[in-house]
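Trainee: I'm new to this structure and would love a close look at one part of it. Could you take me through the sheet and its surroundings, and then show me how the helices compare?

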Amino acid sequence: MTAINMMAQPATPDDGLTLRQQSIVKIASCTGRGDWEKLKPALAAGLDNGLTVNEIREILLHAYAYCGFPRSLRALQTFIAVLDERKTQGIEDIAGRDASPVEDNRTRYERGRDILAEISGVPADASKAGYAEFAPVIERFLKEHLFADLFERDVLTYEERELATVSVIATLGESVEPMLRSHMVICRNLGMTHGQLDRVIAIATTETAGCAVRDVFPKGSKLPDTPNFTGDAWLEMFVTKADSMDCTVGHVTFAPGVRNSWHSHPGGQILLCTSGEGRYQEKGKPVQVLRPGDVVKIAPNVVHWHGAAPDSEFKHIAIGPQQSKGGAVWLDAVTDEEYNNR
């Protein structure tokens, strides 16, 4: 998740991905993590969102270069099972076109070298990286196989291949963060926005992609119906006013798309984001995207709201200091236009 904080600009809800792009991210990230049960619905959704059989097959083939043959092969086997199930249900999925023949007479190394230069923006004659100087053969493999044999297959665009690449690498943990960062730079060079890349990381590393994070705090009890929340939310209180500590501490869970009303706190509030993807907005300011690890410091009497992203459950620890000054002051409901940053 550290890579999220390397983005130069904050994401907004408008920096979204198409359904096709979201499907690529979910399929690639579940493959990278080896989550075959969650991969099955992701594959079916990809087909329903317009990806052809050959395009999805290409995503699973491409993934092997970043997470290995075993997971790529298991993902292909899972895809075969999904296609068979859909066929028994009478669903005829579109095969789509296969890769075009390569008619370039240059060597594979030259073709791969130039493709890498095109998508990265780094000249082909630039100084070689340290690993290439130390092990020249792997640099040749990289150019000939990855950027020629794979990237030349025009079933997917360069942008879609990099989208899949980032999605797989994001599941591998912080140990490969430099590679994640370099591929995010390539995505930016190919036209993706900072906000779109934030969404990619969020989908690839949260439960929306089937990669759920284990809860360390209890979910608590479902809140009763109230005009202060737009839907289902749960609360587990750890510190209450009865503890005489002049603060409250609670764990709040929002169902996807649920948010609370505009409100303020006489003593201020602190939010510690623990899981999923959320939204936060102060009156008169843009909507902010919240990720696990984010800390929101809300000054006393600042009018604001917070809640979940449209397609992700969201959890945070809410700390209410200076309770002697009073509890939350509830105001108007947050409209759909405000929630969607319009």
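Mentor: Happy to; we will start with the whole chain, move to the sheet, and finish among the helices.

Please keep in mind that this is a predicted model. The chain has 342 residues, and 46% of them are buried. Its secondary structure consists of 11 helices and 11 strands, and the C-alpha trace spans about 75 × 55 × 35 Å along its principal axes. Among contacts between residues at least 6 apart in sequence, 73% join residues at least 24 apart.

Now to the sheet. Six strands make up an open sheet, and reading across it the order is 1-2-3-10-5-8, with antiparallel pairing. Strand 1 (221–222) and strand 8 (295–298) are at the edges with a single partner strand each, so one side of each has no neighbour in the sheet. The partner of strand 8 to look at is strand 5: the two run antiparallel and are joined by 4 bridges. Along that pairing, you can find Ile-270 opposite Lys-297 in strand 8.

Let's stay with strand 5, which covers residues 269–276 and includes Leu-271. How buried is Leu-271? Its relative accessibility is 0%, which is why Leu-271 counts as buried. Setting aside its neighbours within four places in sequence, Leu-271 is in contact with Tyr-280, Asp-294, Val-295, Val-296, Ile-298, His-306, His-316, Ile-317 and Ala-318. Val-295, Val-296 and Ile-298 on that list fall within strand 8, which spans 295–298. You can also look from Leu-271 to Val-249: these residues are 22 apart in sequence, and their C-alpha atoms are 9.8 Å apart in space.

Another of those contacts of Leu-271, His-306, leads us to strand 9, which runs over residues 304–308. Strand 9 is mostly covered, with 5 of its 5 residues buried. It pairs with strand 6 (residues 278–282) in the antiparallel sense, over 5 bridges. In this pairing, Arg-279 stands opposite Gly-307 of strand 9.

Next, the helices. In soluble globular proteins, nonpolar side chains tend to be buried together. Here, the largest nonpolar core has 49 residues, and those touching the most other members are Ile-27, Leu-43, Ile-56, Ile-59 and Leu-60. Helix 3 (residues 53–67) supplies the largest share of this core, 8 residues. A second, separate core holds 16 residues, including Ala-233, Val-252, Leu-290 and Phe-314.

Ile-56 makes a good stopping point in the largest core: apart from its neighbours within four places in sequence, Ile-56 touches Ile-27, Leu-43, Gly-46, Leu-47, Leu-51 and Phe-79. Ile-27 and Leu-43 also appear where helix 1 meets helix 2, a contact that involves Ser-23, Lys-26, Cys-30 and Thr-31 of helix 1 as well, together with residues of helix 2 including Trp-36, Leu-39 and Gly-46. Helix 1 (residues 19–33) and helix 2 (residues 36–48) pack at an angle of about 160 degrees, and their axes are 9 Å apart. Helix 1 and helix 2 are therefore roughly antiparallel, and their crossing is left-handed.

One last stop is helix 7 (residues 136–150), where you will find Glu-144. With a relative accessibility of 16%, Glu-144 counts as buried, because the cut-off is under 20%. Beyond its neighbours within four places in sequence, Glu-144 is in contact with Arg-108, Tyr-109 and Asp-149.

Definitions and conventions: Residues numbered from 1 in each chain as written. Predicted model: local features only at pLDDT ≥ 70, side-chain atom pairs only at ≥ 80, totals over all residues. Heavy atoms only, no water. Core = buried A, V, L, I, M, F, W, Y, C linked by side-chain atoms within 4.5 Å. Buried < 20%, exposed > 50% of the residue type's maximum accessible area, 1.4 Å probe, protein only. Contact = heavy atoms within 4.5 Å. Pairing = 2+ DSSP bridges. Axes fitted to C-alpha atoms, helices over the stretch in contact; angles between N-to-C directions. Parallel < 35°, antiparallel > 145°, perpendicular 65-115°, else oblique. Left-handed = near helix turned anticlockwise from the far one by under 90°.
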